[in-house]
Amino acid sequence: MARCDLIALDLDGTALLPDHTLAPETCRAIAAARVQGVRVVIATGRSSREAAWFAREGGFDSHAAALGGAVVADCETGKQLRRWDLPRDGGREVLKLCLERRLDPMIFAGEQILIPAWSAEALGRYFPRPVWEEDVVLLDDPLGWLEGYDGPLTKLHVEGDPARFPIREAAALPGMNLTSSGPGDFELVCQDIDKGTALALLAEFYGIPLERCAAVGDSENDLGMLRAAGIAVAMGSACPAAVEAARFQVADNLHHGAAQAIALLLDRGLDF
């Protein structure tokens with residue numbers, strides 16, 4: 001019998017309730033795990049600053065995977081320790097298509113979060129208030145901004161009418177990983193980067209073999225860590241691919257499936 005020494009929790013659809021808050025049940029389960037010496041880390045598509053905010057709120061450990069694995073962050077400072085950016089030309093081309101089609105992109109540009117002004121109502125609900133007030137920049141002329149922007153693009157999260165998504169164009173471009181966090185969006189990060197690669201770095205940082213790590217998630221963008229971890233747990237509302245990748249399935253986030261997953265991992269003693 002082997003011990004589970006690290007648990008990686010997705011946020012949206014997993015650790016967070018539908019209103020994007022952490023339930024007391026989940027926070028208590030995280031605290032119980034840490035009392036037993038088990039690391040509990042965030043593995044999210046959100047930014048490093050958001051990961052740090054939720055880590056403080058929920059009592060998570062000090063490091064996290066953010067931006068779908070494109071960033072490994074220090075949650076005590078919110079700083080990015082390792083980052084993989086999109087290819088410059090490909091990332092800009094896909095973003096330009098999204099802006100021209102009036103889709104709702106979250107633009108993660110290095111340590112910045114930018115959204116078009118027309119997307120504020122559609123996307124503002126996702127951000128914890130301190131992050132929204134301090135870190136999110138509204139672009140009144142996003143196409144004009146893109147023409148003058150010469151910095152990195154790290155991740156694109158795009159919502160809107162799926163019929164207008166530039167999926168075919170994005171899939172044809174080299175150097176990018178096309179994924180999704182739900183049925184109404186698509187995401188782009190750097191090729192060969194996902195939450196699994198970030199989990200491997202987190203495990204190395206804490207000196208824990210991957211086979212003694214667990215991952216809990218619900219979406220396509222969780223598949224990398226579900227497949228990389230020694231044991232995988234899917235949420236009750238998980239997509240079919242996540243369920244297939246998991247050994248166990250728990251309740252959905254409305255019914256505290258993340259807390260149930262932690263209890264399962266602590267109680268079983270897990271035979272890897």
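Modeller: A cavity is a set of grid points where a 1.4 Å probe fits but cannot get out. The model before us is predicted, and the empty space inside it is a suitable place to begin.

Colleague: How is such empty space found in general, and how many cavities of 30 Å³ or more does the structure hold?

Modeller: Rolling a probe the size of a water molecule over the atoms shows where empty space is left. In this structure there is one cavity of 30 Å³ or more. The space in the largest cavity amounts to about 60 Å³.

Colleague: Which residues line the largest cavity?

Modeller: The lining consists of S47, S48, R49, L67, Q80, F108, G110, E111, Q112, I113 and D135. By character, three of the lining residues are nonpolar, five are polar and three are charged. At least two residues of this lining come from helix 3 (48-58), and at least two from strand 7 (112-116).

Colleague: Which residues of helix 3 are buried, and what follows the helix?

Modeller: In helix 3, the buried residues are S48, E50, A51, A52, F54, A55 and G58. S48 thus appears both among the buried residues of the helix and in the lining of the largest cavity. After helix 3 comes G59, with a positive phi near 75°.

Colleague: How should one read the directions of side chains along a strand, and which way do the residues of strand 3 point?

Modeller: In a regular strand the side chains alternate between the two faces of the sheet. Strand 3 (residues 63-66) has H63 and A65 pointing one way, while A64 and A66 point the other way. These residues are all buried.

Colleague: What does strand 3 join, and how many bridges are there?

Modeller: Strand 3 runs antiparallel to strand 4 (residues 71-74), and four bridges join them. Across this pairing, A64 is opposite A73 of strand 4. The two strands make a hairpin with four residues between them. In the turn, L67 has a positive phi of about 50°; L67 is also one of the residues lining the largest cavity.

Colleague: Where do the buried nonpolar residues gather, and which members of the largest nonpolar core touch the most others?

Modeller: A nonpolar core joins buried residues through side-chain atoms within 4.5 Å. The largest core here has 50 residues, and the members touching the most others are I7, L9, I42, F60, V216 and I262. Helix 12 (residues 257-268) contributes the largest share of this core, five residues. Leaving aside residues up to four places away in sequence, I262 touches I7, L9, A29, I30 and A33. Another core, of 23 residues, lies apart from it and includes V41, A65, A198 and L199.

Colleague: Turning to open spaces, what volume has the largest pocket, and which residues lie nearest its centre?

Modeller: A pocket, unlike a cavity, is an open set of points. The largest pocket has a volume of about 530 Å³. Of its 33 lining residues, D12, Y126, H157, S181 and D185 lie nearest the centre. Helix 1 (11-15), strand 6 (104-109), strand 9 (155-159) and strand 11 (185-190) each give two or more residues to this lining. Strand 9 gives the most, with three residues. The lining comprises 10 nonpolar, 12 polar and 11 charged residues.

Colleague: What surrounds the second largest pocket?

Modeller: The second largest pocket holds about 170 Å³ of space. Its lining has 13 residues, with N177, T179, D194, E220 and N221 nearest the centre. Strand 10 (176-179), strand 11 and helix 10 (223-228) each supply at least two of the lining residues.

How values were computed:
Residues are numbered from 1 along each chain as its sequence is written. This is a predicted model: local features need pLDDT of at least 70, side-chain atom pairs count only at pLDDT 80 or more; totals for chains, interfaces and linings use all residues. Side-chain values use heavy atoms; hydrogens and water are left out. On a 1 Å grid over the protein atoms alone, a cavity is a set of points where a 1.4 Å probe fits but cannot get out, and a pocket is an open set with protein on both sides within 12 Å along at least five of seven lines; lining residues have an atom within 4 Å of a point. Grid points are joined across faces, edges and corners, and a volume is the space filled by probe spheres set on the points. Ala, Val, Leu, Ile, Met, Phe, Trp, Tyr, Cys and Pro count as nonpolar, Asp, Glu, Lys and Arg as charged, and the others, Gly among them, as polar. Buried means under 20% relative accessible area, exposed over 50%, partly exposed in between (1.4 Å probe, protein chains only). Two strands pair if DSSP finds at least two bridges between them. Contact means heavy atoms within 4.5 Å.
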